[in-house]
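Biologist: Could you take me through how to read a structure like this one, feature by feature, with the general idea given before each case?

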Amino acid sequence: MTDAGKRAPSLARTALTVAVAGVGGALAAALRIPLPWVLGSMFAVAALRLSGHGVPQPMAWRRGAQIVIGTALGLTFTREVVAQVAALWPWLIGGAAFAVAVTMLASRAMQRLASVDAPTAIYAVAVGASAEMALQAQRAGADPALVASAHAVHILLVVSLFSTVPHWS
């Protein structure tokens, strides 16, 4: 089999995944769901993956997405924004302390209720990007698959609820 023949199923599955993401986004837009191209694509691809199809997340795609997100966030920094953030430093410190406290409490609850070890529970409930939390969990000897799954559910719930509830309330 040629190299092209070996890549064909992967290319076909990649094309299927991207097509399903597009259809999911378009359907969500037609239904007037908030953030249609995020939520529709996310739910459609999640359903595809759960059905055993689609492609695993390619590392290059994740890195590319991180570059795009980092660039988009970096472009929001202006002198005015930095001045506003600097003026809010007590609230930011307080928010960070609150996040750490909630993480510690929630991780103890998860540890007891889900019967998982402490490092896995901490990384599963910690505020942070799911990919980075899973990588840090793996380095700490925690279960990265459980951490990634917990963050995926968290992202689905937060993005769905916090974009939909205000829209329809």
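What follows is a conversation about the fold, the pocket, a helix pair, some single residues and the backbone.

Biologist: What kind of model is this, and which elements does the protein have?

Modeller: This is a predicted model, in which local features need pLDDT of at least 70 and side-chain atom pairs count only at pLDDT 80 or more, while totals for chains, interfaces and linings use all residues. Residues are numbered from 1 along each chain as its sequence is written, and side-chain values use heavy atoms, with hydrogens and water left out. The protein has eight helices and zero strands, where helices (H or I, at least four residues) and strands (E, at least two) are DSSP runs numbered from the N terminus. Its C-alpha atoms fill a box of roughly 60 × 40 × 35 Å along the principal axes, and buried residues (under 20% relative accessible area; exposed is over 50%, partly exposed in between, with a 1.4 Å probe and protein chains only) make up 19% of the 169 residues.

Biologist: How much space lies in the largest pocket, and which residues are closest to its centre?

Modeller: Rolling a probe the size of a water molecule over the atoms shows where empty space is left. On a 1 Å grid over the protein atoms alone, a pocket is an open set of points where a 1.4 Å probe fits, with protein on both sides within 12 Å along at least five of seven lines, and lining residues have an atom within 4 Å of a point; grid points are joined across faces, edges and corners, and the volume is the space filled by probe spheres set on them. Here the largest pocket holds about 1600 Å³, and of its 34 lining residues the closest to the centre are Met 42, Gln 57, Ser 130, Ala 152 and Ile 155. Two or more lining residues come from each of H1, H2, H3, H7 and H8, with H2 giving the most, eight residues. The lining divides into 24 nonpolar, seven polar and three charged residues, where Ala, Val, Leu, Ile, Met, Phe, Trp, Tyr, Cys and Pro count as nonpolar, Asp, Glu, Lys and Arg as charged, and the others, Gly among them, as polar.

Biologist: At what angle do helix H4 and helix H5 cross?

Modeller: Two packed helices are described by the angle between their axes and the distance between the axes. The axes of H4 (residues 79–87) and H5 (residues 89–114) come within 5 Å and cross at roughly 65°; axes are lines fitted to C-alpha atoms, for helices over the stretch in contact, with angles from 0 to 180 degrees between N-to-C directions. Val 85, Ala 86 and Ala 87 of H4 meet Trp 89, Pro 90 and Leu 92 of H5, contact meaning heavy atoms within 4.5 Å, and the residues of this contact are six nonpolar, no polar and no charged.

Biologist: Is Thr 120 buried or exposed?

Modeller: Thr 120, in helix H6, counts as buried because its relative accessibility is 0%. Leaving aside residues up to four places away in sequence, Thr 120 touches Ala 142, Asp 143, Leu 146 and Val 147.

Biologist: What is phi near in Leu 35 and in Ser 115?

Modeller: Most residues other than glycine have a negative phi, and most peptide bonds are trans. Leu 35, in the loop between H1 and H2, has a positive phi near 50° and is partly exposed at 45% relative accessibility. Ser 115, in the loop between H5 and H6, has a positive phi near 55° and counts as exposed, at 66%.
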